[in-house]
Protein chains: 2
Amino acid sequence: MKLAMIGLGKMGGNMVRRLRRGGIEVVGYNRSPEIVQTLHSEEGLIPASSLADAVVKLDGIRVIWLMLPSGEPTEEAIKELIPLLSDGDIIVDGGNSNYHDSVRRGALLEDQHIGFMDAGTSGGVWGLDNGYCLMVGGTDHVAQVLKPVLQVLAPAADRGWAHVGPVGAGHFSKMIHNGIEYGMMQAFAEGFALLKGKEEFAIDVAQVAELWRHSSVVRSWLLDLTAEGLLEDQTLTKVAPYVADSGEGRWTVIEAVDQGVAAPVLSLALQMRFSSQDSEGYSHRLLSMMRNAFGGHAMKNTGDKQ
Amino acid sequence: MKLAMIGLGKMGGNMVRRLRRGGIEVVGYNRSPEIVQTLHSEEGLIPASSLADAVVKLDGIRVIWLMLPSGEPTEEAIKELIPLLSDGDIIVDGGNSNYHDSVRRGALLEDQHIGFMDAGTSGGVWGLDNGYCLMVGGTDHVAQVLKPVLQVLAPAADRGWAHVGPVGAGHFSKMIHNGIEYGMMQAFAEGFALLKGKEEFAIDVAQVAELWRHSSVVRSWLLDLTAEGLLEDQTLTKVAPYVADSGEGRWTVIEAVDQGVAAPVLSLALQMRFSSQDSEGYSHRLLSMMRNAFGGHAMKNTGDKQ
C-alpha cells in the first residue's frame, strides 16, 4: 500500500509517522519543505516537490490524502488534483471540512470518475501514539481500498475506525463529535468553577479531578487531561479567560437549526465561548444602562474598581 | 476494623459485600430483614435487629455508616443514634444528602462529641466490582479512623477516594459531580439525536458510539454505557422520553445561584429534564395560542394528527 499525504502539519506529519511505522509507503508534500526533509530522513517519507510530483510518484490506484486547513486550501488542492488524476484514483479529505462541502466535492469528483472519501479524524496530538479515531464516508469500494490505511492509523486494526455512511457522513459524524465535545467541556468547566467558588471548603480541585478519574460516573479522557492541567497549576491565572472556537461547534448548531432538532446545551456551550471572546461586553454595558434607566440602580463606570 | 452499615439497599448491600471481601467486619441493619439474613449467610455480615442492636455489637471507636435515602430517613437515624453513642464515636453519611444538611448535622454531632463524616459516593451498581469513588468531608482525625474502610471501598487503596475538606465538602463535591454528569449526558443526548436526525446518511449510531470509544476526544464511561445500550436497540422506541431527576442536579443549580457563578449548561441540562417530564406542555400550548393570536398562524388542536 502506498499513498500521498498532502499537508504535513501537526496532524498530517504525525499521521505520516504512524503510517510509516505501520509499514505503509508514503509520498509527502508540504508547502514549506523543511518538514518533508525531516520526515524523509526520520521516517523514510518519499519527498515530493509539488502536488503533481506527488501524483507522479504513486502507482496503481493513486490515493491522495489531504490534511489541509478546511475551506480554500482544501478546495484549491482538489481543483489542482483533478486534471492530474485518472479514472479510479481516490482523494481522501482528512481535514475538518464542512460536510456540505464534502458532499459537493464528492459529487464533483464522481463526475470526473475520481473516488472521494471524507475522513473525520479525532485524536489530536495524541494520535501518533494512541491511534486516530476515524469516521469515514464514501462508497464501499473506496472504503475497501483505504482499509489497510485506516487499520494502521486507528488504535487497532479492528477498532477506532468505521465506514459510517456515504460521502459526507464522515465529516458529519466528526462535526457532531466536536459539538458533543463543546458541551462536555462546558459542563466540566462550570462544575470546577463551582467547586473553586465554594471558598469556605478550600477544595483542592486538582485532587478532586484526580479522584473522579477512578470509578466515578464522569470519568473520561477530557477529565484525565483536566486533572493533569490542574495538577500543574489550579489557579489558572496564567491562562486568559478566552476560549477560541473553530468551525465544527458552529456547524453543529447550524445543523440543529437545519434539522429543527433541539440541541440547547450544544448551542449554549458555543455561545459561552462567544461570550468569553467578547472583550467589549456591549450587551453587559447595555443591561447595566437599562437597570439604571428604569430603576435608578447604581451603575459601575468604566475604570471603577471591582 | 469493624463498622455498622445501616441501610442495605442497592448501594449499602453491595458496599457490605465489598467491605467483607476486603476483610472488614460489618454489622448490618436494614428495615426489612431479608437482606440482613442474605448478607449474613453469603458474606458473614453480623446481623442487627435495630439501630440500638447494631451499636451494641460494635466496640472501640464505634463507626456507624448510613446508606439511607437523604432527607427524613437519614435525619431520623441520626437523631435515634445520638443517645446510643458515646464520646468519640463516628457517624458516616454515605447517602446523597444535601451538603447544607451535612454541615448542620456535623455541628450538631460535634456538640455531642460525636464525629461526623459526609461521604459522597459514586459508582452505582458497578461499585461492587470496580470500587466506589469516595469524596469525604470531616476532620483529619475522623478521616484517619475511616481510612482502612475507604481504602477497601475505593477502586484501590491509593486512588478513587480522598479527604476533600471539612464536613460538608464531601457531599458538596458529590453534588457538583452529579451536576457535571447532567451536562455531559445532555451533550451526548443532543449529539446522538442529531446523528439520528440526518436521515439521508442512515447512520448506525451504535456503530458511531462504539467507534468514538477508541481514541476520540469524547471517550468516557458514559459513552461506554451509551454504546452498549445502543447496540442492544438503537431505536429506543421502548424507552419513554421521560428523564427523572434526583436532588443533586437541582442543588447544583441552586448552588450556582447562591454563589452567583454562571453555570448555564448545568442549569439547562436540568431544565431539559423538567421539559421531558412535562406531559401537559402548558408553555407549548401557550406559545401556540399566542402565535395564533397575533399572527393568525394555524394552530394544531389537541387530537390533530401529527
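**Notebook: helix H5 and a surface patch in chain A**

I began with helix H5 of chain A, residues 99-111, which has 13 residues and reaches 18 Å from its first C-alpha to its last, close to the 18 Å expected at 1.5 Å a residue. I keep in mind throughout that this is a predicted model.

Next I asked which residues of H5(A) are buried. I found A:Tyr99, A:Ser102, A:Arg105, A:Gly106 and A:Leu109 to be buried there. Looking down the axis of H5(A), I noted that its buried residues fall within an arc of 110°, so they line one face of the helix. I then looked up what these buried residues pack against, and the partners in chain A are helices H4 (72-81), H8 (169-197) and H11 (247-259), together with strands E5 (90-93) and E6 (115-122).

Stepping back to the whole chain, I recorded 13 helices and 8 strands in chain A, whose C-alpha trace spans about 75 × 40 × 35 Å along its principal axes. Of the 306 residues in chain A, 51% are buried. Taking the contacts in chain A between residues at least 6 apart in sequence, I noted that 64% join residues at least 24 apart.

Finally I turned to the surface, where chain A exposes about 14000 Å², with carbon and sulfur atoms supplying 54% of it. One nonpolar patch, of about 740 Å², is made by A:Tyr282, A:Leu286, A:Leu287, A:Met289, A:Met290, A:Phe294 and A:Met299. From this patch I picked out A:Leu286, which is found in helix H13 (residues 282-295) of chain A. A:Leu286 has a relative accessible area of 34%, so I entered this residue as partly exposed.

Methods:
Residues numbered from 1 in each chain as written. Chains lettered and ligands numbered in written order. Predicted model: local features only at pLDDT ≥ 70, side-chain atom pairs only at ≥ 80, totals over all residues. Heavy atoms only, no water. Patch = residues over 30% accessible without salt bridge, like charges linked within 9 Å, V, L, I, M, F, W, Y side chains within 5 Å. Areas by Shrake-Rupley, 256 points an atom, 1.4 Å probe, with all protein chains shown as cover. Salt bridge = Lys/Arg side-chain N within 4 Å of Asp/Glu carboxyl O. Helix = DSSP H or I, 4+ residues; strand = E, 2+ residues; numbered from the N terminus. Buried < 20%, exposed > 50% of the residue type's maximum accessible area, 1.4 Å probe, protein only. Expected span 1.5 Å × (residues − 1). Arc of directions from axis to C-beta. Contact = heavy atoms within 4.5 Å.
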